[in-house]
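Reader: I would like a close look at one charged side chain and its partner, followed by whatever else helps me place such pairs in the fold. Please take your time over the explanation.

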Amino acid sequence: MVRHSGQQDYVDELIEVVADQHSPQAAQAKALAYRVRRLAHRLETEMKRELAPYGIELWELELLACLRRCEPEHRLSAGQLATQLQLTSGAVTNRVRRLESNGWVIRDFDPVDRRSVLITLTPAGAKRASEVFAAKTKAELALLSALSPTAQSRLNDDLRTVLLALEKPT
């Protein structure tokens, strides 16, 4: 396997142990999958640490952000939230209940379809999200600063290609 700048990371060591059991292409795919998982874990851990002083969990901020992007009413159905956040309906219900107890969202029945629940961002929820977004952005910039802007753009493009193939948008 080709090394970048002659340095080895933990994944290189793992792959060396199993490389003789896989084709070079399989070993490369395995290394990439390990790195993506490790990076996702590290990013999430660091983001949680950065958000802790603000008294907000990453999932709370992601749900608030999802509602905030829905102009102009800042409202989605529970089903739309589940789809956008890639959660089960039960997980959405539990998360919305917690945010509702903080006064950050409200739940209402859809007047058109009483079987559907609409979740709306409250002014307090919008304010709370705005207060924390700057800290999250600053942390993201710092965490990914090992990559140049050009490298970040290239990696974004490559990961988008993989996600589009996996998620098959309609």
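Reader: Is arginine 128 buried or exposed, and what is its relative accessible area?

Author: Arginine 128 is buried, with a relative accessible area of 17%, where buried means under 20%, exposed means over 50% and partly exposed lies in between, computed with a 1.4 Å probe on protein chains only. This is a predicted model, in which local features need pLDDT of at least 70 and side-chain atom pairs count only at pLDDT 80 or more, while totals for chains, interfaces and linings use all residues. Residues are numbered from 1 along each chain as its sequence is written, and side-chain values use heavy atoms, with hydrogens and water left out.

The side chain of arginine 128 meets that of glutamate 131 in a salt bridge at 3.0 Å, N to O; the term asks for a side-chain nitrogen of Lys or Arg within 4 Å of a carboxyl oxygen of Asp or Glu. Glutamate 131, at a relative accessible area of 38%, is partly exposed. These two residues are three residues apart in helix 6 (residues 123-143), which means that about one helical turn separates them. Helices (H or I, at least four residues) and strands (E, at least two) are DSSP runs numbered from the N terminus. An α-helix has 3.6 residues a turn, so residues three or four places apart point the same way.

A similar spacing appears in helix 7 (residues 149-167), where arginine 160 and aspartate 157 lie three residues apart, about one turn of the helix. Their side chains meet in a salt bridge of 2.8 Å, N to O, and here arginine 160 is partly exposed at 44% relative accessibility, as is aspartate 157 at 38%.

A search of the whole structure finds 13 salt bridges. Among them is the one between aspartate 113 and arginine 115, whose closest N and O atoms are 3.0 Å apart; aspartate 113 counts as partly exposed at 25% relative accessibility, whereas arginine 115 is exposed at 75%. Elsewhere, Asp9, Asp12 and Arg35 are linked in a network of salt bridges.

A further charged residue, glutamate 60, has its place in helix 3 (residues 58-68) and is buried, with a relative accessible area of 2%. Not counting residues up to four places away in sequence, glutamate 60 touches Gly55, Arg98, Leu99, Asn102 and Trp104, contact meaning heavy atoms within 4.5 Å. Helix 3 is mostly covered, with nine of its 11 residues buried, including Trp59, Leu63 and Cys66.

The strands complete the picture. Three of them form an open sheet in the order 1-3-2 with antiparallel pairing, two strands being paired if DSSP finds at least two bridges between them. Strand 1 (75-77) and strand 2 (105-109) stand at the edges with a single partner strand each, so one side of each is left without a neighbour in the sheet. On average, neighbouring strands of this sheet are turned by 25° against each other, direction ignored. Strand 1 pairs with strand 3 (residues 117-121) in the antiparallel sense over three bridges, and arginine 75 stands opposite threonine 120 in strand 3. Helix 4 (residues 78-85) packs on the sheet and touches strand 1 and strand 3, its direction making about 90° with that of strand 1; axes are lines fitted to C-alpha atoms, for helices over the stretch in contact, and angles run from 0 to 180 degrees between N-to-C directions.
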